[in-house]
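Thanks for making the time. I have one structure to go through, and I will keep to the packing.

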Amino acid sequence: MSEQRPKRQARRTLPARKRIALVAHDGKKDEMLDWANRWRDELSRHQLLGTGTTARRISKELGLEVEGLMSGPLGGDQQIGARIAEGNLDLLIFLWDPFAPMPHDPDVKALLRLAALWNVPVACNAASADFMFNSSLISQVVEVAVPDANDWISTRA
């Protein structure tokens, strides 16, 4: 029996001023700071949020306004996932460390699953984040296809 998938017939408009989540594992926090410093001017034009230490360091060291959520292992990943599911997040910059053991790996997978499901652009390393921020779409209104949740619910009832 095949799993029924929601149709991607709904649209969501990403505003010119994007809501951007910044997340970095411990081994990638300095890299995130370096990246955010390079893109400081562009980042300052958007609404930023981040998990735990990452948000605090970007705010303190770069002077950017960043809404701080819980640390990832304490629920910050789920807080970002909730924003995605609610349609309140436009981009995810998640510098994860492929060499670090990840005891909260199920949380990370759940976050990335939601980003894929709701068609949220994700950068998993500084190079992909650079490509994303070099795009003219970063500061434009953009429409993306998303699952039609109401249609999906009605077919399952």
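I will take the helix contacts, then the cores, then two single residues.

Keep in mind that this is a predicted model.

Let me begin with helix 1, residues 29–38, and helix 3, residues 52–62. Two packed helices are described by the angle between their axes and the distance between the axes. For this pair the angle is about 45°, and the axes are 10 Å apart. An angle under 35 degrees would count as roughly parallel and one from 65 to 115 as roughly perpendicular, so helix 1 is oblique to helix 3. Their crossing is right-handed. On the helix 1 side, the residues in contact are Lys29, Asp30, Met32, Leu33, Ala36 and Asn37. They meet Thr53, Thr54, Arg57, Ile58, Glu61 and Leu62 of helix 3. Sorted by class, that contact holds five nonpolar, three polar and four charged residues.

Now the second partner of interest, helix 6, residues 126–134. Here the axes of helix 1 and helix 6 come within 11 Å, crossing at roughly 20°. That angle makes helix 1 roughly parallel to helix 6. The crossing is again described as right-handed. Helix 1 contributes Glu31, Trp35 and Arg38, while helix 6 contributes Ala126, Ala129, Asp130 and Phe133. By class we have four nonpolar residues, three charged and no polar ones.

Next, the cores. In soluble globular proteins, nonpolar side chains tend to be buried together. The largest nonpolar core in this model has 24 residues. Which of them touch the most other members? Those are Trp35, Leu43, Ile58, Ile93 and Phe133. Two or more residues each come from strand 2 (19–24), helix 1, helix 3, strand 5 (91–95) and helix 6. There is also a second, separate core of 18 residues, with Leu14, Ala21, Leu111 and Val146 among them.

Ile58 deserves its own entry. Leaving out residues up to four places away in sequence, Ile58 touches Leu22, Met32, Leu33, Ala36, Gly63, Leu64 and Val66. Ile58 is also one of the buried residues of helix 3, together with Gly52, Thr54, Ala55 and Leu62. What covers these buried residues? The cover includes strand 2, helix 1, helix 2 (40–43), strand 3 (47–51) and strand 4 (66–69). Directly after helix 3 comes Gly63, with a positive phi near 70°.

That leaves the two single residues.

Gln79 sits in helix 4, residues 76–85. Is Gln79 buried or exposed? Neither in full: its relative accessibility is 32%, so Gln79 counts as partly exposed. Not counting residues up to four places away in sequence, Gln79 touches Leu69 and Met70. Gln79 and Gly50 are 29 residues apart in sequence, and their C-alpha atoms are 9.8 Å apart in space.

The other is Asn119, in the loop between helix 5 (105–117) and strand 6 (122–123). Most residues other than glycine have a negative phi, and most peptide bonds are trans. Asn119 has a positive phi, near 60°. At 31% relative accessibility, Asn119 is classed as partly exposed.

To recap, helix 1 is oblique to helix 3 and roughly parallel to helix 6. Helix 1, helix 3 and helix 6 are among the elements giving two or more residues to the largest nonpolar core. That is what I have; I will take questions now.

How values were computed. Residues are numbered from 1 along each chain as its sequence is written. This is a predicted model: local features need pLDDT of at least 70, side-chain atom pairs count only at pLDDT 80 or more; totals for chains, interfaces and linings use all residues. Side-chain values use heavy atoms; hydrogens and water are left out. Axes are lines fitted to C-alpha atoms, for helices over the stretch in contact, and angles run from 0 to 180 degrees between N-to-C directions. Helices (H or I, at least four residues) and strands (E, at least two) are DSSP runs, numbered from the N terminus. Angles under 35 degrees count as roughly parallel, over 145 as roughly antiparallel, 65 to 115 as roughly perpendicular and the rest as oblique. A crossing is left-handed if the near helix is turned anticlockwise from the far one by less than a right angle, and right-handed if clockwise. Contact means heavy atoms within 4.5 Å. Ala, Val, Leu, Ile, Met, Phe, Trp, Tyr, Cys and Pro count as nonpolar, Asp, Glu, Lys and Arg as charged, and the others, Gly among them, as polar. A nonpolar core is a set of buried Ala, Val, Leu, Ile, Met, Phe, Trp, Tyr and Cys residues joined through side-chain atoms within 4.5 Å. Buried means under 20% relative accessible area, exposed over 50%, partly exposed in between (1.4 Å probe, protein chains only).
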